Amino acid sequence: MIRTQSEPGLPRRGLMLILSSPSGAGKTTLTRMLLQTKELDLTLSISVTTRSRRSSEVDGIHYTFISKKQFEALRDAGELLEWAEVHGNFYGTPREPVEKVLAQGRDVLFDIDYQGTQQVRQAVGSDVVTIFILPPSIAELRSRLERRAEDPPDVIARRLDNARNEIRRWTQYDYVLINADLQSTFDDLHAILTAERRRATRAQQGISAFVEKLLANR
Ligand code: 5GP
């Protein structure tokens, strides 16, 4: 059981926690575990996609499923914080919901690929924390994709091909975790988030006010 330390109560800027990995490395499960940990108070950014909905997915919860025409309209109107073509489909992050959560000093979790990660980092800079999840082996990745049994064999084959290319992108991330064991990867994610929230630069205003008060009392 991991110890959850409550926030010290100082106001800070919200951060953007980006998780990337090839499909099948366990990122969806880890995302769910993070969201279910209520005291972390993370809000998931729900992407729009032109991919067809899997039977296990709910529109508006896992993704907002839209047509290519709708996607292009959002993109051209500048309403996407980032977007990319992945495995032949378009994916993008609606800008407004993210900005609303950040403005409250709360954190947003993103499940996006390396192309989107690069764009967000360029757009936002220091309030981004990026984590790459690696599978323990390609054999394990394949068996996870097959076990999921939600995609036809040709789609699984394409995802495995793309996985090799995606794995090479690990160098652009702040943290890299090898997901051999879900619970210990989750514990690592939790620890990273806790440490990043404590960064002095993020809580500068709150800390300044606290220190002034601290020093005012003799
Ligand atoms: P899937 O089709 O398996 O749900 O997702 C395929 C890939 O697209 C995953 O690596 C996922 O992280 C990425 N992805 C999902 N949403 C977005 C998004 O809004 N932007 C970008 N750039 N990638 C996304």
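## Asp107 and the ligand site

The side chains of Asp107 and Arg197 make a polar contact at 2.6 Å. A polar contact is a pair of N or O atoms within 3.5 Å; within protein, one must be able to donate a hydrogen and the other to accept it, and residues adjacent in sequence count only if both atoms are side-chain atoms. This is a predicted model: local features need pLDDT of at least 70, side-chain atom pairs count only at pLDDT 80 or more, and totals for chains, interfaces and linings use all residues. Residues are numbered from 1 along each chain as its sequence is written, and side-chain values use heavy atoms, without hydrogens and water.

Asp107 belongs to strand E7 (residues 107-111). Strands are DSSP runs of at least two residues, numbered from the N terminus. Asp107 is buried, at 0% relative accessible area. Buried means under 20% (1.4 Å probe, protein chains only).

Now the ligand. The shell around the ligand holds 18 residues, each with a heavy atom within 4 Å of it. The closest are Ser47, Arg51, Tyr63, Tyr91 and Asp111. The shell divides into 5 nonpolar, 6 polar and 7 charged residues. Here Asp, Glu, Lys and Arg count as charged; Ala, Val, Leu, Ile, Met, Phe, Trp, Tyr, Cys and Pro as nonpolar; the others, Gly among them, as polar.

Three side chains have polar atoms listed against the ligand:

| Residue | Ligand atom | Distance |
|---|---|---|
| Arg51 | oxygen | 2.6 Å |
| Arg54 | oxygen | 3.1 Å |
| Asp113 | nitrogen | 2.7 Å |

Strand E5 (80-86) and strand E6 (89-94) are the elements that each give two or more residues to this shell.

Definitions and conventions
Helix = DSSP H or I, 4+ residues; strand = E, 2+ residues; numbered from the N terminus. Buried < 20%, exposed > 50% of the residue type's maximum accessible area, 1.4 Å probe, protein only.
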